[in-house]
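Please look over the structure shown here before reading the notes beneath it. They are written as a short briefing, grouped by topic.

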Amino acid sequence: DGYRNTNQVSDDYRYQDGNYDAPNDGYYRGGDEPAQEEDAQSDVTEGHDEDDEVYEGEYQGIPHPDDIKEKQKKKRAPAVDDEYRDRADLMAERMEDEEQLAHQYENIIEECGHGRFQWTLFFVLGLALMADGVEVFVVGFVLPSAEKDMCLSSSNKGMLGLIVYLGMMVGAVLLGGLADKLGRKQCLIISLAINAAFAFLSSFVQGYGFFLFCRLISGLGIGGTLPIVFAYFSEFLSREKRGEHLSWLCMFWMIGGIYASAMAWSIIPHYGWGFSMGTKYHFHSWRVFVLVCALPCIASLVALKFMPESPRFLLEIGKHDEAWMILKQVHDTNMKAKGEPERVFTVSYIKTPKQVDEFIEIQSSTGTWYQRWLVRITTTLKQVWDNVLYCLTAQYRMNTLMLAVVWFTMALSYYGLIVWFPDMIRYLQDEAYESRVKIFDEEEVSHFTFNFTLENQIHRNGEYRNDKFIGMKFKEVRFEDSLFEDCYFEDVRSSETFFENCTIISTVFYNTDLYEHKFINCRLINSTFMKEKEGCHIDFEEDNDFLIYLVSFLGSLSVLPGNIISALLMDKIGRIKMIGGSMLISAVCCFFLFFGNSESAMIGWQCLFCGASIAAWNALDVITVELYPTHKRATAFGILNGLCKFGAILGNSIFSSFVGITKVVPILLASSALVGGGLLALRLPETREQVLM
């Protein structure tokens, strides 16, 4: 009756003219046609396909024994030959597999639908992104209090402001690269755990050096969240939903800024919200604020434990069954939420790319435990470095360089200006404050007790004899060419108060903070300093006004319209036009800063600038995700985001140095950088129509 031979087709999906034709083997077809019965399959007697491969169930007649031996040899050959094949051939085969997987995965995600699972993941990852936004604002809010609590000099304050960006720069590159090797979920958990642990620790440490170290490591941890979050979420989204929903996700960075501003406003001014242990350990309200700011990170860390790994990443490393189970979970969760629990997940097999790094597992399973760990660590770091170099290969070099310039110019302008705005507002405040100074010339005061606050005054050529200064404050007070004779100072606190060219005779200073450096070119004759105040003391009425919180709150809130517009238009007008248009509009906003000569005007222009620039940030996040393949996506995002943080460091340093000197340089630098970056962005390839490779 004849002999039936079945030969499984090597590829379950054959890519032809942009579509996939599935074989009649019961696997995923993307349609609803039932699989043919075995008897019906055996009746197929048509010819071979283009590659001369045999379809299952095709009648071929009785084969010759030599043909059987040849087929058996061919079956065994690939497993042996892979060891000797050139790596370039293996990588070419892998790239072909990845292209097939990209289109098949897009069809599978569309079958899974967009519903409850994606929205749950949206809020979990949103909390992680919110933690990133909070981290940017924390140091700026606590700095006025921390500088008094830790007796910080100007250079120490500057280092504390930049150290977080330095940590985020390193963390973005390192943890972003690891996410392409260890997995999105695992690396995001590591990133959030590092941030939460060291943010918590930083709120309790007393010394400046240890606090600086904790904020550095905390920044390193949170730096990895941005590249991982966008790579992670994008791999659960279909092409039609990706641009819009990644833009909605960006709103959590804005929410983080609002949260930090609101918490600072409500916690830090309450100096009593703390405790002391002896005279050395103080836990002030700003430390409570640092603890509260770690809550979004901790919440995201806990919720992430219940979310699965990215199935696209699992497919890239050959873990087919795990990826299939997760995709089935996504499908079933969404179908149940839609009221269609009877819908069946029809995918049976998914294409997995050729694996070329199997030798690593063999090496890492030999030797002692520390040798195995050393092999794993060194091999993983080498792979991360190879991924970094891969982003500069001929295929991606031009896109990477153009994106690097756009990211850098955007960060230089944005982060430079958001630091410059509050500094300029404070400078305008100081100018107005100095204009109201009271000047007293040649006053003579004797046998008088000062027990009230002296503020914003200059006393010249005065004489003070037998006077008492008890339980009082000096704020912005200067004594010039004055005489103090037989006076008594007790329990006096001062800020920005100095004695210049004064003569002080037979005067006692008891329990004051009038230290030696506050007496400039003075003659001290028979004067005594007893029990000087130790440490630094916070004066909330002066240093912790609400302006810095209000400016940051309004700046964060002003990006809401830009976020909504970019989310709604991202898939309609495209990523490139969004980046170019937003950066050019932001550059125009910079020129109006020349007319910002008051506090209200500066706040208004800041809100306009932040609202116009947020669309460019959102589109940059989306296009960076879409331009790189899955096994390099987080690495590329991490490199570019690390460069962004380097631009932030430069912007903060350059722009703040011109406060009170000139507005021309910061405005021209920011606007020219935005114009250059925006025009270059128009040369990037549009990605809204392509599948996620």
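What follows covers a sheet, its salt bridges, other salt bridges, the cavities and one pair of residues.

The model is predicted. It holds an open sheet of five strands, 14 salt bridges and four cavities of 30 Å³ or more.

**The sheet**

- The five strands of the open sheet come in the order 6-9-12-16-19, and their pairing is parallel.
- Strand 6, residues 444–446, and strand 19, residues 523–525, are the edge strands; each has a single partner strand, so one side of each has no neighbour in the sheet.
- On average, neighbouring strands in this sheet are turned by 5 degrees against each other, with direction ignored.
- Strand 9 (residues 463–465) and strand 12 (residues 483–485) run parallel and are joined by three bridges.
- Across this pairing, Arg-465 stands opposite Glu-485 of strand 12.

**Salt bridges in the sheet**

- Arg-465 and Glu-485 also meet through their side chains, in a salt bridge with an N to O distance of 3.4 Å.
- Because Arg-465 belongs to strand 9 and Glu-485 to strand 12, this salt bridge ties together parts that are 20 residues apart in sequence.
- The side chain of Arg-465 forms a salt bridge with Glu-463 as well, at 2.6 Å from N to O.
- How exposed are these residues? Arg-465 counts as partly exposed, at 32% relative accessibility.
- Glu-463 is partly exposed because its relative accessible area is 27%, which falls between the limits of 20% and 50%.
- Glu-485 has a relative accessibility of 25% and also counts as partly exposed.

**A buried salt bridge and its network**

- Which residue meets the side chain of Glu-235 in a salt bridge? The partner is Arg-184, with 2.7 Å from N to O.
- Glu-235 lies in the loop between helix 8 and helix 9 (239–249), while Arg-184 lies in helix 6; the two are 51 residues apart, and the pair links distant parts of the chain.
- Glu-235 has a relative accessible area of 0% and is buried.
- Arg-184 is likewise buried, with a relative accessible area of 0%.
- Both residues belong to a network of salt bridges that links Asp-180, Arg-184, Glu-235 and Arg-633.

**The largest cavity**

- The largest cavity holds about 230 Å³ of space.
- Its lining is made of 19 residues, and those nearest the centre are Leu-226, Trp-253, Tyr-415, Trp-617 and Asp-621.
- Six helices give two or more residues each to this lining: helix 4 (116–149), helix 8 (225–234), helix 10 (251–267), helix 17 (397–435), helix 22 (599–627) and helix 23 (630–656).
- Which helix gives the most to the lining of the largest cavity? Helix 22 does, with four residues.
- Sorted by class, the lining of the largest cavity has 13 nonpolar, three polar and three charged residues.

**The second largest cavity**

- The second largest cavity has a volume of about 50 Å³.
- The residues that line the second largest cavity are Val-134, Glu-135, Val-138, Asn-195, Ala-199, Arg-215, Val-290, Cys-293 and Ala-294.
- Helix 4, helix 6 (184–202) and helix 11 (285–293) each give two or more residues to this lining.
- Helix 4 has the largest share of the lining of the second largest cavity, with three residues.
- By class, this lining divides into six nonpolar residues, one polar residue and two charged residues.
- Helix 4 thus appears in the linings of both cavities, among the elements listed for the largest cavity and among those for the second largest cavity.

**A pair far apart in the chain**

- Asn-399 is found in helix 17, one of the helices that line the largest cavity.
- Is Asn-399 buried or exposed? With a relative accessible area of 16%, Asn-399 is buried, because buried means under 20%.
- Asn-399 and Tyr-628 are 229 residues apart along the chain, and their C-alpha atoms are separated by 9.5 Å.

Key:
Residues numbered from 1 in each chain as written. Predicted model: local features only at pLDDT ≥ 70, side-chain atom pairs only at ≥ 80, totals over all residues. Heavy atoms only, no water. Pairing = 2+ DSSP bridges. Axes fitted to C-alpha atoms, helices over the stretch in contact; angles between N-to-C directions. 1 Å grid on protein atoms, 1.4 Å probe; cavity = no way out; pocket = protein on both sides within 12 Å on 5 of 7 lines; lining within 4 Å. Points joined across faces, edges and corners; volume = space filled by probe spheres on them. Nonpolar A, V, L, I, M, F, W, Y, C, P; charged D, E, K, R; others polar. Salt bridge = Lys/Arg side-chain N within 4 Å of Asp/Glu carboxyl O. Buried < 20%, exposed > 50% of the residue type's maximum accessible area, 1.4 Å probe, protein only.
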